Amino acid sequence: MSVLNVNNIIEKTSGHGVKIAGHVVQTVFVHSTTRVAVSSSTYTNVSLTKAITPKYSDSLIYIQVGSGYNTEASTRRIDVTIERTATGLTTEFLHELEGLATNTARMQSMVHHGNRMEGTFVLTYVDQPNTTNEVTYQMKARENTAGSTIEIPSSNDQVQCMVLQEIAQ
């Protein structure tokens, strides 16, 4: 059996970095306890937004969002998605990249047919923006009946988080 011991991996040409396929190049994250009440059937910004500047144009961006929600009443459906914006790219909801329509589709839904419901959810997605420009990811939510109110997260004492990781290819 072979053993490889390494003290340092040094880039051959300064400024190019060390790129190993499948490895995390960088990680950025944001935490928030800011509760946002949403009373619209149109996707609305909630408090989680974070930017990352990929070092390599062919990198993947692994996105993980964890948050809470509150339906405030029965039969309300909460839809959540993530919007991507970047210089040189079309602003898109990530579920649209999978061929799903903006007005009817979402990355995840929560609905409760009893009384009010509070809970948590986790969204994960792998994006390939094909750029080295700064890319911003914004979590968005909507309520399926305009005028009703839902909350993301369910209270100001619930922590939510967005993690972005650049994965070398």
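A nonpolar core, as the term is used in these legends, is a set of buried Ala, Val, Leu, Ile, Met, Phe, Trp, Tyr and Cys residues joined through side-chain atoms within 4.5 Å. Keep that in mind for the second view, and note that the model shown throughout is predicted.

**View 1. The whole chain: eleven strands and zero helices.** Reading from the N terminus, you meet β-β-β-β-β-β-β-β-β-β-β. Along the principal axes, the C-alpha atoms fill a box of roughly 60 × 35 × 30 Å. The chain has 169 residues, and 38% of them count as buried. Take the contacts with a separation of 6 or more: 83% of them come from residues 24 or more positions apart. About 9,000 Å² of the chain is exposed, with carbon and sulfur atoms supplying 46% of that area.

**View 2. The largest nonpolar core, with its 28 residues.** Look for Ile63, Tyr137 and Ile152, the residues with the most contacts inside this core. Strands 2 (36–38), 3, 4, 5, 8, 9 (135–143), 10 (150–152) and 11 (160–167) each put in at least two residues.

**View 3. Strand 9 and the strands it pairs with, strand 3 and strand 5.** How much of strand 9 is buried? Eight of its nine residues are, so the strand is largely enclosed by the rest of the structure. Strand 3 runs antiparallel to strand 9, and six bridges join the two. One to pick out here is isoleucine 52, whose bridge partner in strand 9 is valine 135. Strand 5 is also antiparallel to strand 9, joined to it by nine bridges. Here you can find valine 80 standing opposite alanine 141 of strand 9.

**View 4. A buried salt bridge: aspartate 127 with arginine 84.** The closest N and O atoms of this pair are 2.8 Å apart. Aspartate 127 belongs to strand 8 (residues 118–127) and arginine 84 to strand 5 (residues 77–86), so the salt bridge ties together parts that are 43 residues apart in sequence. Are the two partners buried or exposed? Aspartate 127 has a relative accessible area of 2%, and arginine 84 has 5%. Buried means under 20%, so aspartate 127 counts as buried, and so does arginine 84.

**View 5. Aspartate 58 and lysine 19, another of the salt bridges.** The structure holds eight salt bridges, and in this one N and O sit 2.9 Å apart. Aspartate 58 is in the loop between strand 3 (44–52) and strand 4 (60–70), while lysine 19 is in the segment before strand 1 (24–32), so this pair links parts that are 39 residues apart in sequence. Both ends are partly exposed: aspartate 58 has a relative accessible area of 29%, and lysine 19 has 36%.

**View 6. Glutamate 118 with arginine 116, and a salt-bridge network elsewhere.** The side chains of glutamate 118 and arginine 116 meet in a salt bridge of 2.5 Å, N to O. Glutamate 118 is partly exposed, at 44% relative accessible area. Arginine 116 is partly exposed too, at 45%. Which residues make up the network of salt bridges? They are Arg77, Asp79 and Arg142. As a general reminder, side chains of opposite charge can pair when their charged atoms come close.

**View 7. Tyrosine 43 and phenylalanine 93, one of two aromatic pairs.** This pair is tilted, with 5.0 Å centre to centre and 50 degrees between the planes. Tyrosine 43 sits in the loop between strand 2 and strand 3, and phenylalanine 93 sits in strand 6 (residues 92–93), so the pair ties together parts that are 50 residues apart in sequence. Tyrosine 43 and phenylalanine 93 are both buried.

**View 8. The aromatic pair of tyrosine 69 and phenylalanine 121.** The ring centres are 6.3 Å apart and the planes meet at 40 degrees, so this pair counts as tilted. Tyrosine 69 is in strand 4 and phenylalanine 121 in strand 8, so parts 52 residues apart in sequence are tied together here. Tyrosine 69 is buried, with a relative accessible area of 6%. Phenylalanine 121 is buried as well, with 4%.

How values were computed: Residues numbered from 1 in each chain as written. Predicted model: local features only at pLDDT ≥ 70, side-chain atom pairs only at ≥ 80, totals over all residues. Heavy atoms only, no water. Salt bridge = Lys/Arg side-chain N within 4 Å of Asp/Glu carboxyl O. Helix = DSSP H or I, 4+ residues; strand = E, 2+ residues; numbered from the N terminus. Buried < 20%, exposed > 50% of the residue type's maximum accessible area, 1.4 Å probe, protein only. Pairing = 2+ DSSP bridges. Contact = heavy atoms within 4.5 Å. Areas by Shrake-Rupley, 256 points an atom, 1.4 Å probe, with all protein chains shown as cover. Phe/Tyr/Trp six-rings, centres within 6.5 Å; stacked < 30°, edge-to-face > 60°.
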